[in-house]
Amino acid sequence: MTAEPRYLGARVTRNEDARLLTGRALFVDDVNPPHLLHAAFLRSPHAHARIKRIDTGAALKRDGVAAVYTAADLGSYWKPGPLLVPPPPIKGIAFNLRAQVPLAKDKVRHVGEPVALVIARSRYIAEDAAADIAVDYETLPAVVDMERGAAGGPVVHDDLGSNIASRVRQTKGDYAAAARNAHAVIRRRLVYDRGASVSMETRGVVAEWDAKADKLTVWDTTQGPVFIRGGLAAMLGLSERQVRVVAPFIGGGFGPKMMMFYPEEVVIPWVAIRLGRPVKWIEDRLEHFFATTQERGQIHDAEIALDKNGKILGVKDEFLYDTGAYNPYGLTLPINSQCTLLGGYVVPSYDSSFTGVFTNKPIVTPYRGAGRQHGVFVMERLLDIAARELEIDRAEIRRRNFIPSGAFPYNNEIIFQDFAPLEYDSGNYAPVLNKTLKMIGYDRFLADEQPKLRALGKHVGIGVVFYIEGTGIGPYEGARVQVQASGKVSVATGVGTQGQGHFTSFAQIVADQVGVDVRDVDVVTGDTDQFYWGAGTFASRGAVVAGNAVNEAGKAVRKKILRAAAEHFECAEQDIVVAGGQASIAGVPGKTIKLGELALRANPMRGAVKPGTEPGLEATSYFGPPSGATACGAHAMIVEVDPETMTIAIKKYVVVHDCGTVINPLILEGQIQGGVAQGIGNAFYEQLHFDDQGQLLNASLADYLVPTALDVPRMELGHECTPSPLNPLGIKGAGEAGAIPVGALFAQALEDALDLPRRGVEILEIPLSPNRLWELAGALFKQRGTS
């Protein structure tokens with residue numbers, strides 16, 4: 001018999017929180033094997049320079065130093081990293097791969113690039129010894145500005161002869177014709193600058209070589225432990241069975257920890273094998289600003305063609321993309337920007353091209369949103385300006401252009417990051433927008449509240465934006481579910497966890513399938529000895545891909561339970577009820593057997609079994625979606641600005657999201673709120689400032705502003721549900737939804753609060769800050785007072 005789901009969709013508190021809140025959770029820095037050595041890297045102080053000479057003599061003489069390595073010491077192990085994500089099959093694409101190296105050899109290409117490595121009995125000694133190393137640099141002019149870098153001048157990679165990393169153009173329809181026939185064509189330049197992920201836990205690697213077991217164990221703050229395992233095995237000439245990678249609890253991943261292979265991930269295991277002792281490296285906060293990848297830098301020259309009713313006829317966009325000094329992550333980011341710009345709107349004609357540019361800055365890879373922010377910012381800003389020029393309400397112009405609910409699946413005709421045409425599997429956008437407007441009180445605010453507040457001298461504005469989030473991409477994930485003799489159920493999967501609540505959401509799925517309490521399900525993630533295959537945790541795909549693999553494995557175990565119980569009771573399988581950790585016969589009191597006992601019976605010590613019988617109550621399943629599932633949502637905000645200081649106060653914040661079937665509303669809300677907090681940082685506080693020599697000017701938490709609890713408001717959250725037809729659970733991802741549209745929302749709401757368009761000012765850039773907002777608009781208030 002099939003029972004109604006007990007846990008799927010329930011607000012279950014998290015299984016993992018007891019360990020996290022009482023300090024019993026394992027993080028990489030908690031790993032301290034006996035005889036541990038510590039590593040410190042000497043990093044380049046220059047953004048662009050040739051290395052003439054390295055003298056490690058003084059460092060080697062320091063007491064407590066075990067070894068010092070430069071690129072020359074690595075021998076044949078020194079190789080550029082691999083291409084992590086190949087470019088998609090787009091006609092006419094141009095891509096020049098230049099990947100990071102373990103240690104810089106002849107040239108450094110960004111501040112913080114590792115040049116030498118010191119191994120010592122403590123981190124303190126290692127740091128002091130690194131300062132003893134003398135490096136003779138010949139400094140070179142730095143490529144910092146994207147536009148200048150693309151035009152010529154100094155070259156980051158000499159063999160290329162230019163700084164062009166890639167060129168891609170995608171089109172559909174006939175934009176030139178659309179522009180000729182348009183009632184209005186609106187053109188703007190829009191800029192989205194760099195930020196850092198600033199995860200609570202920085203990166204770290206601990207490697208231990210067991211000579212007797214002939215096995216390497218690596219604890220790594222990675223979002224992709226299976227790929228790290230395979231890559232390290234290949235680099236080190238080991239069997240994959242000789243390499244175990246463990247990604248334990250991780251204090252925030254956000255995308256940069258999916259990057260591979262960082263120099264530290266390559267060198268630390270090699271040193272551990274060479275010295276026969278475990279080695280630890282933990283990134284300090286200063287290193288994080290140089291050694292961990294960053295995101296965001298793009299410049300868009302965009303235009304939108306519309307008819308007199310505000311219907312979109314076409315969009316054209318040409319943009320520059322700052323890839324940093326290397327581009328191992330391929331074109332994931334700019335392709336996401338290119339595709340996400342289309343939003344939830346009917347865009348009959350589209351002409352989009354981008355140029356990737358190498359610069360002497362740290363590498364750019366995905367960071368929560370992964371290029372989607374840029375596309376949303378461009379389209380939503382263009383629609384705001386169009387609404388104003390055509391005298392159409394800004395919510396209404398979005399509503400008029402939505403893809404109709406009956407048009408799904410909707411093919412956008414351009415290629416997405418999963419190498420397939422960008423097709424939205426499902427959606428119903430108008431209810432999402434309508435609920436958002438109702439929850440924020442949009443009509444009441446514009447008609448009544450805002451005029452009254454302005455009469456009191458308050459500068460209060462409202463914003464509302466819409467966005468699409470491509471989620472749940474392949475290739476696949478797998479899971480193993482096993483009922484143990486104790487009656488507990490174990491789940492193992494290859495994805496890692498960085499705070500997403502996997503230990504609870506996966507347990508909920510399995511608990512419903514095999515009829516146990518959710519607290520009796522033990523979930524293991526991110527350990528390659530526990531589960532061999534997997535892709536990783538990124539792109540809002542964990543619940544969609546791994547969750548469905550867990551569900552299919554749970555289904556298979558349930559079938560085994562039914563079969564075993566039916567054989568035990570000598571009855572039909574359809575008469576068996578599985579609930580409460582036991583199997584019973586429906587309507588027959590006393591006829592029960594614990595699942596643990598069934599598990600024991602399924603693994604007999606003696607006796608014959610039927611041919612084809614599989615031991616245990618265990619199953620392994622894999623799930624790979626045909627394409628990504630498309631989530632959507634709308635954000636709205638009421639904000640007040642002090643025109644004398646340009647500080648802001650968020651008075652109300654609303655998010656309405658559609659991610660299909662919700663496994664756990666409590667966890668979903670946490671994901672949305674965390675994303676919004678990062679989005680607020682990206683929109684109004686966090687910006688990396690480089691000088692013309694590529695020096696980062698605000699590489700500390702004293703100078704790089706992150707939002708605090710005082711800056712992040714309480715949020716009102718709503719949900720609509722359009723299940724995805726691409727997976728059995730109907731799930732869509734939600735991990736990046738909170739962060740994606742916040743920049744566009746801030747620009748709109750702040751314009752409204754300060755009535756900037758009427759004063760001749762538009763906000764066409766992100767991030768902002770009180771200082772930057774004053775530069776844009778402060779003079780207007782200084783000249784005219786605060787009216």
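Visitor: What makes the approach of the D145 side chain to the backbone nitrogen of E147 a polar contact?

Guide: A polar atom of the D145 side chain lies 3.0 Å from that nitrogen. A polar contact is a pair of N or O atoms within 3.5 Å; within protein, one must be able to donate a hydrogen and the other to accept it, and residues adjacent in sequence count only if both atoms are side-chain atoms. At 3.0 Å, the pair is therefore inside the cut-off. Please keep in mind that this is a predicted model, in which local features need pLDDT of at least 70 and side-chain atom pairs count only at pLDDT 80 or more, while totals for chains, interfaces and linings use all residues. Residues are numbered from 1 along each chain as its sequence is written, and side-chain values use heavy atoms, leaving out hydrogens and water.

Visitor: Why is D145 called partly exposed?

Guide: Its relative accessibility is 33%. Buried means under 20% relative accessible area and exposed over 50%, with partly exposed in between (1.4 Å probe, protein chains only), so D145 belongs to the middle class. D145 sits in the loop between strand 7 (134–139) and helix 4 (146–151); helices (H or I, at least four residues) and strands (E, at least two) are DSSP runs, numbered from the N terminus. D145 and N360 are 215 residues apart in sequence, with 9.2 Å between their C-alpha atoms.

Visitor: How do you know that the buried residues of helix 11 line one face?

Guide: In helix 11 (residues 394–401), the buried residues are R394, A395, I397, R398 and N401. Viewed down the helix axis, they fall within an arc of 165°, so they line one face; the arc is that of the directions from the axis to the C-beta atoms. An α-helix has 3.6 residues a turn, so residues three or four places apart point the same way. Where helix 11 starts, a side-chain oxygen of D393 comes to within 2.9 Å of the backbone nitrogen of A395.

Visitor: What makes strand 22 and strand 26 edge strands?

Guide: They belong to an open sheet of four strands, ordered 22-21-20-26 with mixed pairing. Strand 22 (521–525) and strand 26 (617–623) each have a single partner strand, so one side of each is left without a neighbour in the sheet. The average twist from one strand to the next is 15°.

Visitor: How do you know that strand 20 and strand 21 are paired?

Guide: Two strands pair if DSSP finds at least two bridges between them. Five bridges join strand 20 (residues 477–483) to the antiparallel strand 21 (residues 489–493), so the requirement is met. A479 has T493 of strand 21 as its bridge partner. Helix 15 (residues 542–569) packs on this sheet and touches strand 20, strand 21 and strand 26. Contact here means heavy atoms within 4.5 Å. The direction of helix 15 makes about 150° with that of strand 26; axes are lines fitted to C-alpha atoms, for helices over the stretch in contact, and angles run from 0 to 180 degrees between N-to-C directions.

Visitor: What makes strand 1 and strand 13 a pair?

Guide: Strand 1 (residues 37–43) and strand 13 (residues 279–282) run in the parallel sense and share two bridges, so they satisfy the minimum of two. L37 stands opposite V279 in strand 13. Both strands belong to an open, mixed sheet of seven strands in the order 3-6-1-13-10-11-12. Its edge strands, strand 3 (65–70) and strand 12 (243–246), each pair on one side only.
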